[in-house]
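User: Hello! Could you take a close look at the loops of this protein for me, and tell me how they sit within the chain as a whole?

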Amino acid sequence: MVLHELMSYEALRFIWWLLIGVLLIGFAVTDGFDLGANMLLPFAGRSDLERRVIINSVGPVWEGNQVWLILGGGAIFAAWPQLYAVSFSGFYLAMFAVLVPLILRPVAFKFRSKRDEPAWRARWDWTLFVTGLVPSLIFGVAMGNVLQGVPFRLESDMRIFYEGSFLALLNPFALLCGLVSVAMLLMHGSAWLMLKAQGPVAERARSYGSVAALLTLVLYALAGLVMWSWIDGYRVTGALPTGGPSNPLLKTVAHQPGAWFANFAAHPWLWAAPGLGLVGPLLAFVGMRARREGLALLASALGIAGIILGVGASMFPFILPSSLDPRASLTVWDSSSSHLTLFIMLVVTAIFIPIIVAYTSWVYKVLWGKVDADAIRDERTHAY
């Protein structure tokens with residue numbers, strides 16, 4: 001027996017679908033509080049020293065947190081090449097709109113303190129605000145468009161044709177999802193600043209975070225109601241072999257109202273995911289009002305995980321539906337790499353993910369504790 005045949009093709013496809021979800025949650029939970037802190041910078045920090053406290057709370061860890069985004073992109077490229085081809089080409093301008101702020105973020109961190117002029121530092125502070133807001137918004141907008149279906153089609157030779165535009169991505173439902181994402185990461189960034197900062201910065205973060213937590217709860221519930229009432233989902237109507245060839249055109253798909261809720265009707269236990277997406281922000285609000293910073297951060301992270309898991313549970317087995325030709329929609333069972341490729345990548349992942357988690361945990365342990373404003377005045381002890 002060939003080694004990779006120890007695991008079925010079906011099992012490997014499902015495992016890689018789960019792993020993509022894990023990587024997305026890892027990125028949202030870790031780099032999410034960086035983005036949220038950036039958005040809070042001009043508001044939670046009123047003086048130069050307070051803003052340096054905020055920057056130094058995320059400065060030592062943001063690069064490690066961004067590894068999850070790189071891992072996610074690499075995993076999609078290796079495990080789901082058709083998904084990579086459609087999303088990274090069709091959403092090219094949206095990807096560019098995300099990458100530019102992510103590139104500007106370290107530049108702003110490094111250049112902000114190069115000069116003492118208030119105007120110079122203020123410009124970089126607002127740059128950091130934009131580098132937090134734009135990716136947070138675009139990630140949510142992208143998810144909103146995925147739920148509605150993406151305008152692409154496949155030729156018989158698997159050539160991909162994308163027929164959408166950047167402005168078409170900015171539709172009302174997608175923007176609503178973008179607002180959910182912004183509020184969610186503002187909540188998470190606020191909980192992080194409560195944990196890492198002291199005094200006025202932590203108190204302002206608590207105030208903004210309380211509002212953001214309630215907004216996350218309300219906007220997420222509203223997005224669910226809109227999706228139930230007006231957003232048609234997708235459903236596979238014919239047989240779909242789970243271990244068959246990676247050819248999306250071999251199936252038939254219907255576009256119909258309420259299809260995104262069919263999995264919840266068939267498996268009621270799946271409601272735990274969106275339920276967590278509602279309970280998490282509520283508990284984060286309670287933790288913030290009670291000044292329980294650990295509870296606030298943990299609840300915020302669980303809320304983020306619930307929101308992402310809810311989308312995955314709703315769409316399964318779809319990973320990228322097509323609004324132009326529903327038959328061309330990409331699913332877990334017909335758009336993956338080969339059996340051998342998935343197995344090799346799983347072995348590599350099983351080796352390196354624990355190393356990354358262990359190293360990241362060690363970094364957080366070493367850097368644990370609150371950022372001291374008095375210590376920041378000593379230029380030798382802090383990077384920014």
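Analyst: Happy to help; here is a walk from the whole chain to its loops.

Please keep in mind that this is a predicted model. The secondary structure of the protein chain comes to 14 helices and 6 strands. Along the principal axes, its C-alpha atoms fill a box of roughly 65 × 45 × 40 Å. The radius of gyration is 22 Å, which agrees with the value near 21 Å that a compact globule of 384 residues would have. Of those 384 residues, 49% are buried. If you count contacts between residues at least 6 apart in sequence, 80% of them join residues at least 24 apart. The chain exposes about 17500 Å², with carbon and sulfur atoms supplying 71% of that area.

Before the loops, a helix gives a useful background. Helix 8 covers residues 172-196, and its 36 Å from first to last C-alpha is close to the 36 Å expected for its 25 residues. Helix 8 is mostly covered, with 21 of its 25 residues buried.

Now to the loops, in sequence order. Between strand 1 (152-154) and strand 2 (160-162) you will find Met 158. Met 158 is not a glycine, yet its phi is positive, at about 75 degrees. Its relative accessibility is 23%, so Met 158 counts as partly exposed, given that buried means under 20%.

Next comes Gly 238, in the loop between strand 3 (232-236) and strand 4 (253-257). Gly 238 has 33% relative accessibility and therefore counts as partly exposed. Although Gly 238 and Leu 222 are 16 residues apart along the chain, their C-alpha atoms are separated by 32 Å.

Further along, Arg 291 belongs to the loop between helix 11 (272-289) and helix 12. Arg 291 is another residue other than glycine with a positive phi, here near 60 degrees. With a relative accessibility of 49%, Arg 291 counts as partly exposed, because exposed means over 50%.

At the other end of helix 12 (293-315), the loop leading to strand 5 (318-320) holds Pro 317. The backbone detail to look for here is the peptide bond from Phe 316 to Pro 317, which is cis, with omega near 10 degrees.

To return to the whole chain, its charges can be summarised too: the mean positions of the 26 positive and 22 negative charges are 6 Å apart.

Methods:
Residues are numbered from 1 along each chain as its sequence is written. This is a predicted model: local features need pLDDT of at least 70, side-chain atom pairs count only at pLDDT 80 or more; totals for chains, interfaces and linings use all residues. Side-chain values use heavy atoms; hydrogens and water are left out. Helices (H or I, at least four residues) and strands (E, at least two) are DSSP runs, numbered from the N terminus. Buried means under 20% relative accessible area, exposed over 50%, partly exposed in between (1.4 Å probe, protein chains only). The expected span of a helix is 1.5 Å times one less than its number of residues. The radius of gyration is taken over C-alpha atoms; the globule rule is 2.2 Å times the number of residues to the power 0.38. Contact means heavy atoms within 4.5 Å. Accessible areas come from the Shrake-Rupley method with a 1.4 Å probe; for residues, only the protein chains shown count as cover. Lys and Arg count as positive and Asp and Glu as negative; His and the chain ends are not counted. The place of a charge is taken as NZ of Lys, CZ of Arg, CG of Asp or CD of Glu.
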